[in-house]
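Student: I have a structure open on my screen and would like to learn how to read it. Could you walk me through some of its features?

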Amino acid sequence: MYKIYFFLIIIFSGFLQAKELTFDEFASVNFFAPIDKSYLKLNAKCRKNFDDNGKKKAFEVILYNKDKHIFDLNKHYSSHHKGHKYLKRPFYSFTFWNWFNKVAIETKSHQFMSNTYQKNMRRNELIPKEIFMEIVENGQLTIYFHYLMDNSKSKGHFVIVNPSEVKNCFD
């Protein structure tokens, strides 16, 4: 009898495993409510962080809307996180300040998606250099949000109103 149970478990275990969505599956299959246009304009402020010896730690652009901190665009020169120990320097990240199940970023030429489990309200995602550079150069990106708390989804095309601040920060 146990052989039958074992056989059934093996057969049906493949059906029970969750499949991570690709960017195309996530962006094209779901309905995303548009974000109000008044929230899509971002004001950038540069912040450069150095260690006690004057060595670069991280340069970041804090992105605000209506004086509220919304996102961070980061270039890391060093990191104390164990998971970042072997990353080639510099490396790049994008920070979201809310609870999300999934997030995706799309620029003119590149796409990024994350299904990462979120442990706190600050969600910092490592992103490819190409996406980072395109955001710096163009000052625009589309973000897809799948909120964790109420399962709603929204998307918006964000524009940085002072792109020279971003470029000057990372030069």
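Tutor: Gladly! Keep in mind that this is a predicted model. Let us start with two rings: both phenylalanine 132 and phenylalanine 170 are buried.

Student: How does phenylalanine 132 count as buried, and at what relative accessibility?

Tutor: The word buried is used for a relative accessible area under 20%. Phenylalanine 132 falls under that cut-off, so it counts as buried, and its relative accessibility is 1%.

Student: Which residues in helix H3 are buried?

Tutor: Helix H3 covers residues 129-138, and phenylalanine 132 lies in it. Just after H3 comes glycine 139, which has a positive phi near 65°. Within H3, the buried residues are Ile131, Phe132, Glu134, Ile135 and Val136.

Student: Leaving aside neighbours within four places in sequence, which residues is phenylalanine 132 in contact with?

Tutor: Contact here means heavy atoms within 4.5 Å. With the neighbours within four places in sequence left aside, the partners of phenylalanine 132 are Leu73, Asn74, Lys75, Tyr92, Ile127 and Phe170.

Student: What separates the C-alpha atoms of phenylalanine 132 and serine 93?

Tutor: Along the chain, phenylalanine 132 and serine 93 are 39 residues apart. In space, the separation of their C-alpha atoms is 7.8 Å.

Student: Let us turn to rings. Why is the pair of phenylalanine 50 and phenylalanine 59 edge-to-face?

Tutor: The structure holds 18 aromatic pairs, and we can take this one as an example. The ring centres of phenylalanine 50 and phenylalanine 59 are 5.7 Å apart, and their planes meet at 65°, so the pair is edge-to-face. The cut-off for that label is an angle over 60 degrees. The deciding value is therefore the angle of 65°.

Student: Are phenylalanine 50 and phenylalanine 59 buried or exposed?

Tutor: Phenylalanine 50 has a relative accessibility of 43%, so it counts as partly exposed. Phenylalanine 59 has a relative accessible area of 3%, so it is buried.

Student: And what is the angle between the planes of phenylalanine 132 and phenylalanine 170?

Tutor: These two rings form an edge-to-face pair, with 4.8 Å from centre to centre. The pair links distant parts of the chain, since phenylalanine 132 is in helix H3 and phenylalanine 170 is in helix H4 (residues 163-170), 38 residues apart. The angle between their planes is 70°.

Student: Which residue has its charged end over the ring of tyrosine 39?

Tutor: There are two such arrangements to look at. The charged end of lysine 45 sits over the ring of tyrosine 64, 4.9 Å from the ring centre. Over the ring of tyrosine 39, 4.2 Å from its centre, sits the charged end of lysine 66.

Student: Now the pockets. Which strand gives the largest share of the lining of the largest pocket?

Tutor: The largest pocket holds about 520 Å³ of space. Its lining has 17 residues, and His76, His81, His84, Arg122 and Asn124 are the closest to its centre. Strands S3 (56-65), S4 (68-76) and S8 (122-127) are the elements that give two or more residues to this lining. The largest share, four residues, comes from S8.

Student: How do the residues lining each of the two pockets divide into nonpolar, polar and charged?

Tutor: The lining of the largest pocket has two nonpolar, 11 polar and four charged residues. The second largest pocket has a volume of about 330 Å³. Its lining has 16 residues, and those nearest its centre are Tyr39, Ile70, Phe71, Asn98 and Tyr147. These 16 residues divide into 11 nonpolar, three polar and two charged.

Student: Where is the cis peptide bond, and what is its omega?

Tutor: Look in the loop between S4 and S5, where proline 90 has its place. The cis bond joins arginine 89 and proline 90, with omega about -10°.

Student: Is aspartate 67 buried or exposed?

Tutor: Aspartate 67 lies in the loop between S3 and S4. Its phi is positive, about 65°, although it is not a glycine. With a relative accessibility of 75%, aspartate 67 counts as exposed.

Student: Finally, how many helices and strands does the chain have?

Tutor: The chain has 171 residues, and buried residues make up 36% of them. Its elements begin, from the N terminus, with α-α-β. The totals are four helices and 10 strands.

Note on methods. Residues are numbered from 1 along each chain as its sequence is written. This is a predicted model: local features need pLDDT of at least 70, side-chain atom pairs count only at pLDDT 80 or more; totals for chains, interfaces and linings use all residues. Side-chain values use heavy atoms; hydrogens and water are left out. Buried means under 20% relative accessible area, exposed over 50%, partly exposed in between (1.4 Å probe, protein chains only). Rings of Phe, Tyr and Trp (its six-membered ring) pair if their centres lie within 6.5 Å; planes under 30 degrees apart count as stacked, over 60 as edge-to-face and the rest as tilted. A charge sits over a ring if NZ of Lys or CZ of Arg is within 6 Å of the ring centre and within 35 degrees of the ring normal. On a 1 Å grid over the protein atoms alone, a cavity is a set of points where a 1.4 Å probe fits but cannot get out, and a pocket is an open set with protein on both sides within 12 Å along at least five of seven lines; lining residues have an atom within 4 Å of a point. Grid points are joined across faces, edges and corners, and a volume is the space filled by probe spheres set on the points. Ala, Val, Leu, Ile, Met, Phe, Trp, Tyr, Cys and Pro count as nonpolar, Asp, Glu, Lys and Arg as charged, and the others, Gly among them, as polar.
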